[in-house]
Amino acid sequence: MVLDRPGHPLRVAELRDPEPGPGQVLLEVHACGVCRTDLHVVDGELPHPKLPLVPGHQIVGVAEDGRRLGVPWLGWTDGDCRFCARGLENLCDQARFTGYDLDGGYAERVVADERFCFPIPQGYSDEEAAPLLCAGLIGYRSLRMTGDAERLGLYGFGASAHIVAQVAGHQGRRVFAFTKPGDVAGQAFARELGAEWAGGSDERPPEDLDAAILFAPAGELVPTALAALSKGGTVVCAGIHMTDIPSFPYELLWSERRIRSVANLTRADGEEFLALAPRVPVRTEVETFRLAEANEALDRLRAGWIRGAAVLLA
Ligand SMILES: [Zn+2]
Ligand SMILES: [Zn+2]
């Protein structure tokens with residue numbers, strides 16, 4: 001499936017098989033998760049995608065030698081910029097991202113730099129594993145940025161939050177889930193996954209929060225979440241794109257409250273999270289689509305109709 005121009009649906013295309021270059025591996029794609037970032041790319045909210053582009057960066061595929069590998073968003077780094085040198089390869093000046101700068105997994109075959117692929121843990125089917133590769137991984141990095149927060153708010157209960165809620169519960173944290181106002185089904189889903197409270201994003205939680213992670217791309221949630229924080233608390237913005245944050249009184253930030261974003265992932269995040277996931281154990285809930293139904297999957301995600309994560313099966 002190919003994006004020719006942002007703002008237009010993906011097109012079914014017959015492409016030549018990609019040829020692996022030095023250090024690259026050719027994978028037969030079995031499953032590819034659909035991420036909100038894909039939606040931002042397709043809708044033109046991210047500025048510089050390669051065009052034409054095959055989107056998709058939560059790829060589970062099989063190499064020619066039979067290994068089952070996952071391809072994440074971070075597809076390549078230079079390894080020697082000032083960020084890479086400090087262990088912050090997620091911020092690499094020259095980073096290339098799968099399904100953005102590099103053709104991704106909405107396809108039957110893909111090539112990827114082997115150094116950035118992860119072995120997929122056993123016990124997960126292809127479609128169950130796919131959402132671990134971004135929803136899980138970047139969700140996990142976001143969770144780490146909340147430090148030792150005990151009372152954790154999750155704003156937007158989609159693919160990422162449904163995984164993070166399980167990890168947070170495993171770590172002994174208390175989870176408070178916020179959905180679109182009136183999304184009773186989403187709130188029930190959050191409670192099934194261990195949230196002790198679930199309500200609309202217009203509601204106040206029953207207690208102040210020590211941290212909140214914002215998965216919904218709505219800037220107005222930043223002051224809302226700040227207002228729900230206890231002193232010293234942190235708001236983590238997990239998405240790659242967000243609408244503008246409205247101005248708010250300084251009082252909401254006072255008392256050492258913090259706002260920070262999380263960008264991309266490092267390979268260390270991936271190794272740590274994929275080792276942890278089977279131990280929790282994280283169970284992903286997926287809605288599957290055929291590859292040719294990618295536009296429908298994106299439409300359902302845009303409308304907020306996916307329970308858990310959407311996954312394309314090649
Ligand atoms: Zn670098
Ligand atoms: Zn993603």
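This short talk walks through two zinc sites, one helix residue, the nonpolar cores and one pocket of the structure above. Please keep in mind throughout that this is a predicted model, and that the values I quote are computed from it.

Let me start with the zinc ion that is ligand 1. Its donors are the OD oxygen of Asp78 and the SG atoms of Cys81, Cys84 and Cys92, which sit at 2.0 to 2.3 Å, and along the sequence these residues follow the spacing D-x2-C-x2-C-x7-C. The angles among the four donor atoms run from 95 to 119 degrees, and the site is tetrahedral. Two of these residues can be described further: cysteine 81 has a relative accessible area of 9%, so it counts as buried, and cysteine 84, at 14%, is buried as well.

The other zinc ion, ligand 2, has as its protein donors Cys35 through SG, His57 through NE2 and Cys134 through SG, at 2.0 to 2.2 Å, with the spacing C-x21-H-x76-C along the chain. Cysteine 35 lies in the loop between β1 and α1, whereas cysteine 134 lies in the loop between α3 and α4, so that the pair, 99 residues apart, links distant parts of the chain. Cysteine 35 is buried at 11% relative accessible area, and cysteine 134 is buried at 6%.

Staying with helix α1, which spans residues 36-42, we find histidine 40 within it. Is this histidine buried or exposed? Its relative accessible area is 6%, and because the cut-off for buried is under 20%, it is buried. Leaving out residues up to four places away in sequence, histidine 40 touches Glu45, Leu46, Pro217, Ile240 and His241.

Turning to the interior, the largest nonpolar core has 89 residues, and Tyr106, Leu154, Ile213 and Phe273 have the most contacts inside it. A second, separate core holds 17 residues, including Tyr155, Phe176, Ala218 and Leu226. If we set aside neighbours within four places in sequence, the contacts of isoleucine 213 include Leu143, Leu152, Leu154, Tyr155, Val164 and Val236.

Finally, a word on the second largest pocket, whose volume is about 740 Å³. It is lined by 34 residues, and those closest to its centre are Leu15, Pro18, Val54, Ala107 and Arg109. Strands β4, residues 74-76, and β6, residues 109-113, each supply at least two lining residues, and β6 gives the largest share, with five.

Key
Residues are numbered from 1 along each chain as its sequence is written. Chains are lettered from A and ligands numbered from 1 in the order in which they are written. This is a predicted model: local features need pLDDT of at least 70, side-chain atom pairs count only at pLDDT 80 or more; totals for chains, interfaces and linings use all residues. Side-chain values use heavy atoms; hydrogens and water are left out. A nonpolar core is a set of buried Ala, Val, Leu, Ile, Met, Phe, Trp, Tyr and Cys residues joined through side-chain atoms within 4.5 Å. Buried means under 20% relative accessible area, exposed over 50%, partly exposed in between (1.4 Å probe, protein chains only). Contact means heavy atoms within 4.5 Å. Donors are N, O and S atoms within 2.8 Å of the metal (3.2 Å for Na, K and Ca); water is not among the atoms, so sites may look incomplete. Four donors count as tetrahedral if all angles lie between 85 and 135 degrees; four count as square planar and six as octahedral if opposite donors are over 155 degrees apart and all others between 65 and 115; anything else is irregular. Helices (H or I, at least four residues) and strands (E, at least two) are DSSP runs, numbered from the N terminus. On a 1 Å grid over the protein atoms alone, a cavity is a set of points where a 1.4 Å probe fits but cannot get out, and a pocket is an open set with protein on both sides within 12 Å along at least five of seven lines; lining residues have an atom within 4 Å of a point. Grid points are joined across faces, edges and corners, and a volume is the space filled by probe spheres set on the points.
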